[in-house]
Amino acid sequence: MGRLGALLLLLGALGALADICNIPEVDSSLVQSLGQRLLPWMDQLSLEHLNPSIYVGLRLSSVEASTKEAFYLHSLKVDYQQSLLRHAPSDDNSDLQAKPSMGQLALYMLALKANCEFIGGHKGDRLVSLLKRFLEDEKRAIGHDHKGQPHTSYYQYGLSILALCVHQKRVHDSVVGKLLYAVEHDHHLHQGHLSVDTVAVAGLAFTCLERSSLNSDLRHRITLAIRTAQEKVLKAQTPEGYFGNVYSTPLALQLLMTSPMPGAELGTACLNARAALLASLQDGAFQNALMISQLLPVLNHKSYVDLISPDCLAPRVTLEPATVTPSLMQVPEFIHVMLKVPSVWPPYRHSISVPAGSSLEEVLMKAQELGGFMYGTQASLSGPYLTSVMGKEVGEREFWQLIRAPDTPLQQGIADYRPKDGETIELRLVTW
Ligand code: B12
């Protein structure tokens with residue numbers, strides 16, 4: 001073989017290597033400290049706080065919360081089964097709005113499978129048919145012409161197809177067809193910009209369908225849509241290395257890790273994302289339990305698609321509660337945050353003084369205490385979700401967007417974001 005041949009062979013080999021998204025092992029103490037942050041959340045056992053995503057994340061990780069984990073699953077089962085009774089079968093759709101939502105039921109089904117439990121029996125059948133009913137309802141909301149929107153979101157739609165799929169439960173081709181159409185015509189998945197999280201979940205759902213040979217009449221479209229989803233995620237890589245933003249990168253990596261991509265610089269892209277994630281971990285960006293739960297599988301080379309046949313006997317390192325070093329009592333330093341709500345009349349604008357390190361939620365509380373400001377929240381798996389400001393509740397497809405002036409949407413919610421001194425935070429009512 002001539003020199004040119006050898007060179008071509010080498011390039012070919014390198015190209016083939018670059019097709020795989022491989023995340024080299026990260027320091028195990030880093031993974032453990034992430035896992036430890038979930039432990040306090042696992043003591044909160046009310047329906048409002050129970051979070052099936054935490055259980056799924058831990059089971060797909062390299063760490064375990066020993067007895068706490070089993071008790072947590074038990075609590076999930078008790079609460080979710082009870083709420084299933086409230087979802088009495090009827091043709092009236094009003095009860096579909098009741099808690100838990102379609103996406104939460106889907107996550108609960110993923111949690112059961114993460115414990116290697118197959119859905120079966122009367123209770124299981126009920127859960128499956130409820131989720132299918134939710135999907136049918138959402139399919140109708142999207143409509144024949146695909147012009148409508150699901151009541152929840154395409155994210156929850158994808159999550160539900162994925163959850164049914166890992167339990168080998170088939171949904172109608174027309175249900176899968178709506179998600180395929182959305183990925184093929186991506187304006188449906190935008191929320192102002194492309195939602196990488198949503199595309200990633202859709203891609204994971206399609207990968208599960210492909211591997212489980214479900215909806216085989218759609219096989220060709222499904223294979224293409226996996227590729228399209230991967231390409232969209234890759235295209236959304238930022239100069240720092242994130243896919244979308246830091247918090248969509250875990251789900252994006254879950255998708256990219258599941259299928260090789262010939263001809264793309266997948267390997268390098270994933271290595272860059274890993275480096276960016278590690279830097280953000282050092283900066284303490286991952287404090288939110290839901291975010292940690294989506295990241296832990298990635299650090300263990302796993303994705304939700306692995307729930308098709310999970311390895312429930314894989315050894316995991318037992319987490320010990322973190323030792324808290326008592327901090328010295330210090331006189332708190334105070335900062336000023338300007339809080340602005342221009343979309344109400346009269347517009348609200350006040351400087352609020354809070355101890356340094358306070359969360360945005362603490363700023364809102366302080367403003368409410370001072371008078372002239374009101375807000376309301378709703379518990380969600382990501383934490384408290386801001387639903388009303390100055391008595392103005394969000395309408396259909398509206399939300400209170402959190403903005404750092406002049407125009408930067410926050411990447412964290414009110415409980416996690418800690419404003420700096422002199423910052424202006426605007427609460428803006430927008431449609432999505
Ligand atoms: C859909 C979605 C939205 C929709 C929700 C409306 C709807 N009907 O679905 C819209 C566009 C309105 C939205 C808004 C926001 N979102 Co959002 N959202 C998502 C997404 C894609 C899926 C959420 C979901 O359905 N989960 C599954 C169901 C089963 O869980 P759930 O808890 O029941 O779902 C509810 C909550 O998630 C809530 N919600 C949605 N986003 C957020 C964000 C926060 C911080 C909280 C507390 C709640 C919340 O709405 C869901 C439906 O009721 C996630 C992606 C992800 N990786 O999780 C991002 C995500 C959770 N959102 C995020 C952010 C930052 C926001 C905003 C704070 C953006 C902003 N600057 O204003 C706002 C919330 C502001 C507020 N009012 O409190 C981040 C959170 C990162 C973090 N550190 O925790 C994520 C991870 C996206 C990302 N990659 O940046 N979001």
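This section describes the domains, the ligand shell, the two sheets and selected backbone features of a predicted model.

The protein chain is divided into domain 1, which covers 23-86 and 99-318, and domain 2, which covers 334-431. The centres of the two domains, taken over C-alpha atoms, are separated by 29 Å. The contact between them takes 16 residues from domain 1 and eight residues from domain 2.

The ligand is surrounded by 34 residues, of which the closest are Gln104, Asn245, Leu381, Leu402 and Leu410. Both domains take part in this shell, domain 1 and domain 2 each giving at least three residues. By class, the shell consists of 15 nonpolar, 18 polar and one charged residues. At least two shell residues come from each of helix 5 (102-114), helix 7 (154-166), helix 9 (196-211), helix 13 (289-299), strand 6 (383-389) and strand 8 (398-404). Polar contacts to the ligand involve side-chain as well as backbone atoms. In the side chain of asparagine 245, an N or O atom is 2.7 Å from an oxygen atom of the ligand. A polar backbone atom of leucine 402 is 2.8 Å from an oxygen atom of the ligand. For leucine 410, a backbone N or O atom lies 2.8 Å from a nitrogen atom of the ligand.

Strand 8, one of the elements that supply the shell, belongs to an open sheet of five strands with the order 4-3-10-8-9 and mixed pairing. Strand 4 (348-355) and strand 9 stand at the edges of this sheet; each has a single partner strand, so one side of each is left without a neighbour in the sheet. Helix 14 (residues 360-370) packs on the sheet and touches strand 3 (334-341), strand 4, strand 8 and strand 10, with its direction at about 115 degrees to that of strand 4.

Within the five-stranded sheet, strand 8 runs antiparallel to strand 10 (residues 424-431), and seven bridges join the two. Among the residue pairs across these strands, glutamate 398 has threonine 431 of strand 10 as its bridge partner, and tryptophan 400 stands opposite leucine 429. Strand 8 also pairs with strand 9 (residues 408-409) in the antiparallel sense, over two bridges. Isoleucine 403 stands opposite proline 409 in strand 9. Strand 8 and strand 9 form a hairpin with three residues between them. The loop of this hairpin contains proline 406, and the peptide bond from alanine 405 to proline 406 is cis, with omega near 5 degrees.

At the other end of the strand order, strand 3 and strand 4 run antiparallel and are joined by eight bridges. Valine 341 has tyrosine 348 in strand 4 as its bridge partner. These two strands form a hairpin as well, with six residues between them. A cis peptide bond is again found in the connection: tryptophan 345 and proline 346 are joined with omega of about -5 degrees, and proline 346 lies in the loop between strand 3 and strand 4.

The second sheet is open and has three strands in the order 5-6-7, with antiparallel pairing. Strand 5 (375-380) and strand 7 (392-393) are the edge strands; each has a single partner strand, so one side of each is left without a neighbour in the sheet. Six bridges join strand 5 to strand 6, and a hairpin connects these strands through two residues. Serine 380 stands opposite glycine 383 in strand 6. Strand 6, which supplies at least two residues of the ligand shell, is joined to strand 7 by two bridges in the antiparallel sense. The bridge partner of valine 389 in strand 7 is lysine 392. Helix 14 lies across strand 5 and strand 6, running at about 145 degrees to strand 5. Helix 14 thus has contacts with strands of the five-stranded sheet and with strands of the three-stranded sheet.

One further backbone feature is found outside the sheets. Glutamine 168, although not a glycine, has a positive phi of about 60 degrees. Glutamine 168 lies in the loop between helix 7 and helix 8 (173-184), and helix 7 is one of the elements that supply at least two residues of the shell around the ligand.

Note on methods
Residues numbered from 1 in each chain as written. Predicted model: local features only at pLDDT ≥ 70, side-chain atom pairs only at ≥ 80, totals over all residues. Heavy atoms only, no water. Near = heavy atom within 4 Å. Polar contact = N/O pair within 3.5 Å; in protein donor to acceptor, adjacent residues only side chain to side chain. Helix = DSSP H or I, 4+ residues; strand = E, 2+ residues; numbered from the N terminus. Nonpolar A, V, L, I, M, F, W, Y, C, P; charged D, E, K, R; others polar. Domains from an automatic or database assignment. Pairing = 2+ DSSP bridges. Contact = heavy atoms within 4.5 Å. Axes fitted to C-alpha atoms, helices over the stretch in contact; angles between N-to-C directions.
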